[in-house]
Amino acid sequence: MAKCAVCGKGAHFGNNVSHSHRRSNRMWKSNIKRVSCKVNGTPMKLYVCASCLKSGKVERA
């Protein structure tokens, strides 16, 4: 699973809990996109989460 190059956000793990309170493993995946961004004036492909894209933390190439 990819991690955000800006904030480091990745997958989170926990449990599904049924009505009878039986537990099984589950995973929450972050909304991570592969986008081309400008890094030091050079376009590069990076994995960036949607919240970093919306907040303007990266400059799209």
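Trainee: What is the relative accessible area of Asn16?
Mentor: Good place to start, but keep in mind that this is a predicted model, in which local features need pLDDT of at least 70, side-chain atom pairs count only at pLDDT 80 or more, and totals for chains, interfaces and linings use all residues. Residues are numbered from 1 along each chain as its sequence is written, and side-chain values use heavy atoms, with hydrogens and water left out. Asn16 lies in strand 1 (strands are DSSP runs of E with at least two residues, helices are runs of H or I with at least four, and both are numbered from the N terminus). Buried means under 20% relative accessible area, exposed over 50%, and partly exposed in between (1.4 Å probe, protein chains only), so Asn16 counts as partly exposed because its value is 36%.

Trainee: Which residues does Asn16 touch, not counting those up to four places away in sequence?
Mentor: Look across to Arg26, which is 10 residues apart from Asn16 along the chain, with 5.9 Å between their C-alpha atoms. Counting a contact as heavy atoms within 4.5 Å, the residues that Asn16 touches are Arg22, Arg23, Ser24, Asn25 and Arg26.

Trainee: Which residue is the bridge partner of Gly14 in strand 2?
Mentor: Two strands pair if DSSP finds at least two bridges between them. Strand 1 (residues 12-17) and strand 2 run antiparallel, joined by six bridges. In that pairing, Gly14 has as its partner Arg26.

Trainee: What is phi of His21?
Mentor: His21 sits in the loop between strand 1 and strand 2, and these strands form a hairpin with five residues between them. Most residues other than glycine have a negative phi. His21 is not a glycine, yet its phi is positive, near 70 degrees.

Trainee: Asn40 is not a glycine either, so what phi does it have, a positive or a negative one?
Mentor: Asn40 is in the loop between strand 3 and strand 4, in a hairpin that has two residues between the strands. Asn40 counts as exposed because its relative accessibility is 79%. Its phi is positive, about 55 degrees.

Trainee: How many bridges join strand 3 to strand 4?
Mentor: You can pick out single pairs here, including Val35 with Leu46 and Arg34 with Tyr47. The two strands run antiparallel, and the number of bridges that join them is eight.

Trainee: The backbone oxygen of which residue does the side chain of Ser30 reach at 2.6 Å?
Mentor: Ser30 is placed in the loop between strand 2 (23-28) and strand 3, and it counts as buried because its relative accessibility is 14%. Leaving out residues up to four places away in sequence, Ser30 touches Met1, Lys9, Gly10 and Ala11. The backbone oxygen that its side chain reaches at 2.6 Å belongs to Gly10.

Trainee: How many residues does the largest nonpolar core have?
Mentor: Such a core is a set of buried Ala, Val, Leu, Ile, Met, Phe, Trp, Tyr and Cys residues joined through side-chain atoms within 4.5 Å. Here the members are Cys4, Ile32, Val35, Cys37, Leu46, Val48, Cys49, Cys52 and Val58. Strand 3 (32-39) and strand 4 (42-49) are the elements that give two or more residues to this core. Its residue count is nine.

Trainee: Which residues is Cys4 in contact with, leaving aside neighbours within four places in sequence?
Mentor: Cys4 belongs to the largest nonpolar core, as do Ile32, Val48, Cys49 and Cys52. The full set of contacts for Cys4 is Lys9, Ile32, Tyr47, Val48, Cys49 and Cys52.

Trainee: What is the radius of gyration of the protein?
Mentor: Start with the overall plan, which is one helix and four strands, in the order β-β-β-β-α from the N terminus on. The C-alpha trace spans about 55 × 20 × 15 Å along its principal axes, and 18% of the 61 residues count as buried. The radius is taken over C-alpha atoms, and the globule rule is 2.2 Å times the number of residues to the power 0.38. A compact globule of 61 residues would come near 10 Å, whereas the protein has 16 Å.

How values were computed:
Polar contact = N/O pair within 3.5 Å; in protein donor to acceptor, adjacent residues only side chain to side chain.
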